[in-house]
Every structure is written in structure tokens, then in C-alpha cells.
Amino acid sequence: MSAKRLKKEERKKFIQDIAKELFLEKGFKNTTMQDIVVASEMSIGGLYHHYKSTGEILYDIMIEGNIYRKNIMFEKINNNTVTNKLLAELIVDKMLADNEFTPLYVMFLQQLNEDESLKKLFEKLKKDSINSLKKFFEKIDCICSLDEILEFITCIINTSVLGCELIDIRKNFIKNRNQLEFMIESYLTKNIIIK
């Protein structure tokens, strides 16, 4: 693979894919740049040309995951009438997410207190998620304090994602999905005044 000439973005994607595998196998904290050099068969200089640290790689992976999630949500929104019920379904979808990015996102959340650049990325991702959710509300004419509501919902989503991965509550949440949707929908209905 290292002999093949790749464009810059293709090479970065290749590095990210190798890093994803290593992060999942060894854990983020235990994966070094040298591990990525060995697994990718790249030179040290070649790797460092694209990334200076495993944190930078995780940063790009999280950005990719956020785009992936937004695309899923917008597709559903564009094909349906926006209601509190639909928003509750989308929020629960995000709470129960089980895709290639989920375990990496959990590793990311666990590293926030140890890496200032990841903490900054978290704030950026959170702001981006809140802004994405605000776009959904543009389709509904409503009066509310969206920032507070969406901050709370983001906290619930992150807590659920952590719980699903770390203490294996996903099966229970899936079994009780209707109750989760009802709780979220009730919260939205109580806190969002539709004009």
C-alpha cells in the first residue's frame, strides 16, 4: 500500500482507517504514532507529514463521524414532516447509535479531560450538533430557548452513548425505545412552544 501514490485526502483517509483499527484493538491511549507507522507501512516522515499526533487523527475521525450522523438525520428530516415525535425518534436514534464511529466516539469522550485539543474539538462538535438541530427547528415556527434545550439533549445523547458502550445498556434501551421516545417527545412538547 505504501508504494502506491495517493492524493493527500486519500492518504489521510488511509491513515484514519489504520488508526481506527488500532484504536479499537489497543485503545486510544495505548496506540502510538509508531504503531500507526508499522501498521500502515509508511515512513515516519510520511505519517508526520499528515498528522503530528494520534489526537489529530482522532480529531479528523470525529469530524467524519459527525458528518456521517448529520447526513442520516437530514435525510430523515427532508423526507418527513418535522414534528416533536420525529425529533424524538432522531434523538433516540443518536442515543442508540451502533456504527463504526460509536466505540471511537466513546474513546474520544473518555479522553476529554486528558487532552485539551480533544476538549476543544468536543466543544466544536457539540456546537455543530446544536446548530444542526437548530436547522430542524427552522422548519417549525416555534418560541423557546433552543440553546438550553439542545444543550440538555446533547448531554442526554452523550450519556446514553457512553452507557450503551461502557455498561451495555443498549439492549435494554432498544427494548424500551418507545418509552425513551415518549420521554424525549414529552420534554420537547413541554419546552417548545409552536406558533
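Helix axes here are lines fitted to C-alpha atoms over the stretch in contact, with angles running from 0 to 180 degrees between N-to-C directions. Keep that in mind as you look around this predicted model.

**Stop 1: α1 and α2**

Select residues 8-26, which form helix α1, together with residues 33-40, which form helix α2. Their axes come within 10 Å and cross at roughly 120°. Turn the view until one helix lies in front of the other: α1 passes α2 in a right-handed crossing.

Now show side chains. On the α1 side, pick F14, I15, I18, A19, L22 and K26; they meet D35, I36, A39 and S40 of α2. Colour this contact by class and you will find seven nonpolar, one polar and two charged residues.

**Stop 2: α6 and α8**

Next, select helix α6 (residues 102-111) and helix α8 (residues 146-166). The axes of α6 and α8 come within 10 Å and cross at roughly 110°. Angles of 65 to 115 degrees count as roughly perpendicular, and α6 and α8 are therefore roughly perpendicular to each other. In this case the crossing is left-handed.

Which residues of α6 and α8 meet? From α6, select T102, P103, Y105, V106, L109 and Q110; from α8, add N158, V161, L162, E165 and L166. By class, this contact of α6 with α8 holds seven nonpolar residues, three polar and one charged.

**Stop 3: the aromatic pairs**

Hide the helix contacts and show the rings. The count comes to five aromatic pairs. Begin with F23 and F28: their ring centres are 5.1 Å apart and their planes stand at 70°, so this pair is edge-to-face. Switch on a surface for these two; are F23 and F28 buried or exposed? Both F23 and F28 are buried.

Move on to F152 and Y187, an aromatic pair that is tilted, with 4.9 Å from centre to centre and 45° between the planes. F152 belongs to helix α8 and Y187 to helix α10 (residues 177-191), so the pair ties together parts that are 35 residues apart in sequence. Partly exposed covers the range between under 20% (buried) and over 50% (exposed). F152, at 39% relative accessibility, therefore counts as partly exposed. Y187 is partly exposed too, with a relative accessible area of 23%.

**Last stop: a ring cluster**

Finally, select Y105, F108 and F122, which ring pairs link into a cluster. You have already visited Y105 as one of the α6 residues in the contact with α8.

Terms used
Residues numbered from 1 in each chain as written. Predicted model: local features only at pLDDT ≥ 70, side-chain atom pairs only at ≥ 80, totals over all residues. Heavy atoms only, no water. Helix = DSSP H or I, 4+ residues; strand = E, 2+ residues; numbered from the N terminus. Left-handed = near helix turned anticlockwise from the far one by under 90°. Contact = heavy atoms within 4.5 Å. Nonpolar A, V, L, I, M, F, W, Y, C, P; charged D, E, K, R; others polar. Parallel < 35°, antiparallel > 145°, perpendicular 65-115°, else oblique. Phe/Tyr/Trp six-rings, centres within 6.5 Å; stacked < 30°, edge-to-face > 60°. Buried < 20%, exposed > 50% of the residue type's maximum accessible area, 1.4 Å probe, protein only.
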